[in-house]
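Dear colleague,

I am passing on the structure we spoke about, and I would be glad if you could open it alongside this message. My notes come after it.

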Amino acid sequence: MAGKYSISVLLVMLLVSAGLSGCFGNDSTYVEKGIPGGLTLACLSDAKYTSLVVEIDYEAGYMPEQSSTELLKTRLEQVCNKPQGIEILLTETNFEHEGQWSSSDVRDKSWDEKSEDPQTGSTLYWQAIFPSGQYANDGVLGVAVDASTVAIFGESVDDAEGPIFNRPSSEEIENSVLVHEFGHLLGLVNLVYQSPVDHEDEDHKGHSNNEDSVMYWAIESANIGNIITGQLPDDFDSDDLNDLAGMLSGEIETDNQLWTN
Ligand SMILES: [Zn+2]
């Protein structure tokens with residue numbers, strides 16, 4: 001009986017993973033690595049994980065802008081309770097990968113490079129890789145592949161720069177895409193919970209319908225430069241923030257967690 005139960009849980013999780021679209025890696029069979037949002041409570045709460053390390057592994061020529069990593073740190077500090085601090089760990093890496101990236105490639109190569117298990121002692125480790133090459137779905141600038149791992153595709157970010165006076169610039173796009181992907185690790189929007197407010201975009205599941213939120217669906221799109229030519233959002237909106245606060249307080253039920261208090 002126990003075996004049957006495990007299999008049905010596994011199937012449910014696979015179905016949930018397969019339902020994700022857009023900038024999510026949707027061929028996930030890596031249940032033990034969780035789904036994007038699987039470590040949301042581990043980040044929001046300080047009950048077990050009192051510090052967060054964001055490990056950034058980049059290939060030569062693809063180091064993120066300092067403005068991107070500083071912004072990410074600021075945004076995470078605003079929502080995750082980490083009394084021992086949030087640290088950014090930058091490492092140049094050769095992923096030894098040729099051609100386009102699938103979500104499985106991102107997962108496998110990222111896990112090869114992780115300096116620690118995501119849940120190590122009282123420290124939570126999240127990871128972003130900045131590889132050379134493009135994602136197999138060439139409309140995508142970034143992807144969140146499991147509970148602790150995202151990738152940003154620098155070539156595609158550079159190509160997405162706006163056509164008029166280079167607005168938005170590739171640097172601005174990188175700033176927003178990096179925060180956007182970590183927003184998915186925080187479970188936004190509706191990845192591991194159901195918001196009491198209807199702010200998920202109908203046509204782009206897992207994303208906001210508010211163009212002033214960094215979780216707006218078009219932020220992940222290679223076409224962003226043609227969709228928003230002014231200031232790009234680089235922050236969560238009040239609905240996003242209320243969802244996070246609700247999950248932390250328990251007012252909003254949270255699913256698929258690798259850790260709960
Ligand atoms: Zn997205």
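Below I describe the chain as a whole and then the surroundings of one glutamate.

Please keep in mind throughout that this is a predicted model. The chain has 261 residues, of which 53% count as buried, and its accessible surface comes to about 11,300 Å², with 45% of that area belonging to carbon and sulfur atoms. It contains 8 helices and 6 strands, and these follow one another along the sequence in the pattern α-α-β-α-β-α-β-β-β-β-α-α-α-α. Among contacts between residues at least 6 apart in sequence, 72% join residues at least 24 apart.

The residue I looked at in detail is Glu 200, which sits in the loop that runs between helix H6 (170–185) and helix H7 (224–227). Glu 200 is buried and yet has no salt bridge, since the nearest side chain of opposite charge, that of Lys 205, is 4.5 Å away, whereas a salt bridge requires a distance within 4 Å.

What, then, does the side chain of Glu 200 meet through polar contacts? One such contact, of 2.8 Å, joins it to the side chain of Asn 190, and a polar atom of the Glu 200 side chain also lies 2.8 Å from the backbone nitrogen of Gly 206. Leaving aside residues up to four places away in sequence, Glu 200 touches Val 189, Asn 190, Lys 205, Gly 206, His 207 and Asn 209, so that Lys 205 is among its contacts although the two form no salt bridge.

With best wishes

Note on methods:
Residues are numbered from 1 along each chain as its sequence is written. This is a predicted model: local features need pLDDT of at least 70, side-chain atom pairs count only at pLDDT 80 or more; totals for chains, interfaces and linings use all residues. Side-chain values use heavy atoms; hydrogens and water are left out. Helices (H or I, at least four residues) and strands (E, at least two) are DSSP runs, numbered from the N terminus. Buried means under 20% relative accessible area, exposed over 50%, partly exposed in between (1.4 Å probe, protein chains only). Lys and Arg count as positive and Asp and Glu as negative; His and the chain ends are not counted. A polar contact is a pair of N or O atoms within 3.5 Å; within protein, one must be able to donate a hydrogen and the other to accept it, and residues adjacent in sequence count only if both atoms are side-chain atoms. Contact means heavy atoms within 4.5 Å. Accessible areas come from the Shrake-Rupley method with a 1.4 Å probe; for residues, only the protein chains shown count as cover.
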